Amino acid sequence: MAAYTTVHYFLLCCLFIACRCQFELDERFLEYRKHGMWLVEFYAPWCGHCKKLDPIFKEVARELQVTNSAVKVAKLDCTRYSQIASEFSVKGFPTIMFIHGERTYTHRGDRTKDDILEFVLKAQGPTVRKLSSVGKFNEALSQHSGSVFFLYIGNEDEHEDLYKKFHHSADNHAIHSYFYQGKKHILEDRNLKRHPTILVFKDKQFLEFEPPGGIATADSVERWINRERYPTFPKISGAGLNEMASIAKYLVILAAEQKELDDSSTSTSRMASASYENPCARRLGWLRDDELDAILDVMMQVPEH
């Protein structure tokens, strides 16, 4: 049986290399999933959103092929293989998942080529990347200038208590942010309050984790990382609305287009700065007018009697 599975997996890989794109999966995927990394779209043939995603997903597959990525791109028809969809707890279409053995991540961001590729880059890991020099640290600053990343500063002791808690939270949020580790010298003249410590870099500044009562628990590290993983004034995708709302008591949303925000930078800056006043209780964000309209349409629908 093992030899049979190995032969079929070899043939599957040959097919993947030959088509240099995506391919259709079947009921044997529960066995194939054990071999390598997969980016899978779970879809239904009648689904309009799936049809809209199809050309984008093909572009993603081609891009990963061009860059010689080890990630295999595939699709699975959930109307034919509903038991596979149930195995992965698929509840809507399309669902995009990164699968590596028993480890799975679900993409909840925008369904653009760049967003999906970014999702793959985060999901394939490593969960915590190493910054060994000032130059590497500056590269990370440049790469994530418009987003958020976390940095553990310590002595590279994987048995250190704070590092273990940091790594555990990094595993939980691997597809949300980037996580790094390094020694204090990479920060040059930046002053820290404690060592070892955890920093978040966003909005062209950095914040240091301050353990409640001076004691860093797994829960306090997790809550801090979960709260700080968004920029101060982020663009919210429709898919990520509930997730962002879960970390704040109130969520204030501005419906606008990017050009409007650029033209009214003064008022936008005031709104963004306001979120620092009480980040646990209130979050500010923005999304496109058409996205807000779609969300309101769903919320305002009158139930049928």
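Is phenylalanine 23 buried or exposed? In this predicted model, phenylalanine 23 counts as buried, at 6% relative accessibility, where buried means under 20% relative accessible area, exposed over 50% and partly exposed in between, with a 1.4 Å probe and protein chains only. Residues are numbered from 1 along each chain as its sequence is written. Because the model is predicted, local features need pLDDT of at least 70 and side-chain atom pairs count only at pLDDT 80 or more, whereas totals for chains, interfaces and linings use all residues, and side-chain values use heavy atoms, with hydrogens and water left out.

Five strands (DSSP runs of E, at least two residues, numbered from the N terminus) make up an open sheet of mixed pairing, in the order S1-S3-S2-S4-S5, two strands being paired if DSSP finds at least two bridges between them. S1 and strand S5 (103-106) stand at the edges with a single partner strand each, so one side of each is left without a neighbour in the sheet. The pairing of S1 with strand S3 (residues 71-77) is parallel and runs over two bridges, and alanine 74 in S3 is the bridge partner of phenylalanine 23. Helix H3 (residues 48-66) packs on the sheet, where it touches S2, S3 and strand S4 (95-100), contact meaning heavy atoms within 4.5 Å.

Aromatic pairs were assigned to rings of Phe, Tyr and Trp (its six-membered ring) with centres within 6.5 Å, planes under 30 degrees apart counting as stacked, over 60 as edge-to-face and the rest as tilted; by this rule the count comes to 15 aromatic pairs. Phenylalanine 23 and tryptophan 38 form an edge-to-face pair, with 6.0 Å between centres and 75° between the planes. This pair links distant parts of the chain, with phenylalanine 23 in strand S1 (residues 23-24) and tryptophan 38 in strand S2 (residues 37-43), 15 residues apart. Tryptophan 38 counts as buried, at 0% relative accessibility. Lysine 72 lies over the face of tryptophan 38, 5.0 Å from the ring centre, the criterion being NZ of Lys or CZ of Arg within 6 Å of the ring centre and within 35 degrees of the ring normal.

A cluster linked by ring pairs comprises Phe150, Tyr152, Tyr163, Phe166, Phe179, Phe209 and Trp224. Tyrosine 152 and tyrosine 163 are both buried.

A search of the whole structure finds zero disulfides, a disulfide being a pair of cysteine sulfur atoms within 2.5 Å. Cysteine 47 is buried, with a relative accessible area of 4%, and cysteine 50 counts as buried at 4% relative accessibility.

Note on methods
Helix = DSSP H or I, 4+ residues; strand = E, 2+ residues; numbered from the N terminus. Axes fitted to C-alpha atoms, helices over the stretch in contact; angles between N-to-C directions.
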